[in-house]
Amino acid sequence: MRNKFRAVSDAGPIIHLLEIDAAKVFTIITEVLIPEQVFNETKNLSVPNIKIVNLTEKHKDLAKILTSSYNLGFGEAEAISLCMQEGIKLFLTDDMDARTIGKHYNLEVHGTVGLLVESFRAGIFTEKEVIAKLELLRTKSTLFITKDLLDWSIKRIEEHSGKIKK
């Protein structure tokens with residue numbers, strides 16, 4: 001994810017990072033764009049670097065096609081359409097179907113866990129803080145995260161810290 005300055009997000013990462021008091025993760029990205037539907041899903045939530053962008057008619061139509069063709073939620077479909085409209089390759093989502101479709105459209109897809117790991121690499125959280133946030137994500141948020149993914153994430157953090165060899 002390094003050297004990526006703009007991203008588009010659906011509601012998932014915004015909601016999940018706020019649930020564990022980790023919104024400052026978004027400061028690793030210069031600008032996070034969200035479409036209107038995502039704004040509607042998150043409008044009472046305050047996140048740094050968020051900008052609401054309206055879809056063109058062409059991209060609203062694409063969102064409708066994505067929704068009906070791939071059974072995506074409208075927020076996820078609008079977010080993928082916004083990536084296309086704005087020429088942004090970095091797409092933030094925790095939705096498995098949206099991840100698959102995003103990759104189909106050659107987007108670089110990252111979720112909440114990846115953002116937390118990257119925030120550690122960027123020095124936003126210490127090793128201890130980010131591991132605690134990952135644990136909170138598993139126990140206190142609405143995101144389903146497996147123990148295997150949690151263990152994998154902690155291993156990446158420890159590798160980066162030099163505690164274990166790759």
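## Helix 6 and its surroundings

The buried residues of helix 6 are Thr-112, Val-113, Leu-115, Leu-116, Val-117, Glu-118, Ser-119 and Phe-120. These assignments come from a predicted model. Because 8 of the 10 residues of helix 6 are buried, this helix is largely enclosed by the rest of the structure. The elements that cover its buried residues include helix 1 (11–19), strand 4, helix 7 and helix 8. Just after helix 6, Gly-123 adopts a positive phi of about 85°.

### Packing against helices 7 and 8

Two packed helices are described by the angle between their axes and the distance between the axes. The table gives these values for two pairs that involve helix 6.

| Helix pair | Angle | Distance between axes |
|---|---|---|
| Helix 6 (residues 112–121) and helix 8 (residues 147–161) | about 15° | 10 Å |
| Helix 6 and helix 7 (residues 127–140) | about 170° | 9 Å |

Angles under 35 degrees count as roughly parallel and those over 145 as roughly antiparallel. With its angle of about 15°, helix 6 is therefore roughly parallel to helix 8. The crossing of helix 6 with helix 8 is right-handed. On the side of helix 6, the contact is made by Val-113, Val-117, Phe-120 and Arg-121, while helix 8 contributes Leu-149, Ser-153, Arg-156, Ile-157, His-160 and Ser-161. By class, the residues of this contact between helix 6 and helix 8 comprise 5 nonpolar, 3 polar and 2 charged.

The angle of about 170° between helix 6 and helix 7 leads to the other description: the two helices are therefore roughly antiparallel to each other. Here Thr-112, Val-113, Leu-116, Ser-119 and Phe-120 of helix 6 meet Glu-127, Val-130, Lys-133, Leu-134 and Leu-137 of helix 7. The contact of helix 6 with helix 7 has 6 nonpolar, 2 polar and 2 charged residues. Val-113 and Phe-120 belong to the contact with helix 8 and also to the contact with helix 7.

### The sheet

Strand 4, one of the elements that cover the buried residues of helix 6, belongs to an open sheet. This sheet is formed by 5 strands in the order 3-2-1-4-5, with parallel pairing. Strand 3 (50–52) and strand 5 (108–110) stand at the edges; each has a single partner strand, so one side of each is left without a neighbour in the sheet. On average, neighbouring strands of the sheet are turned by 30° against each other, direction ignored.

Strand 4 (residues 90–92) pairs with strand 1 (residues 6–9) in the parallel sense over 2 bridges. Within this pairing, Leu-92 in strand 4 is the bridge partner of Ser-9.

Methods
Residues numbered from 1 in each chain as written. Predicted model: local features only at pLDDT ≥ 70, side-chain atom pairs only at ≥ 80, totals over all residues. Heavy atoms only, no water. Pairing = 2+ DSSP bridges. Helix = DSSP H or I, 4+ residues; strand = E, 2+ residues; numbered from the N terminus. Axes fitted to C-alpha atoms, helices over the stretch in contact; angles between N-to-C directions. Parallel < 35°, antiparallel > 145°, perpendicular 65-115°, else oblique. Left-handed = near helix turned anticlockwise from the far one by under 90°. Contact = heavy atoms within 4.5 Å. Nonpolar A, V, L, I, M, F, W, Y, C, P; charged D, E, K, R; others polar. Buried < 20%, exposed > 50% of the residue type's maximum accessible area, 1.4 Å probe, protein only.
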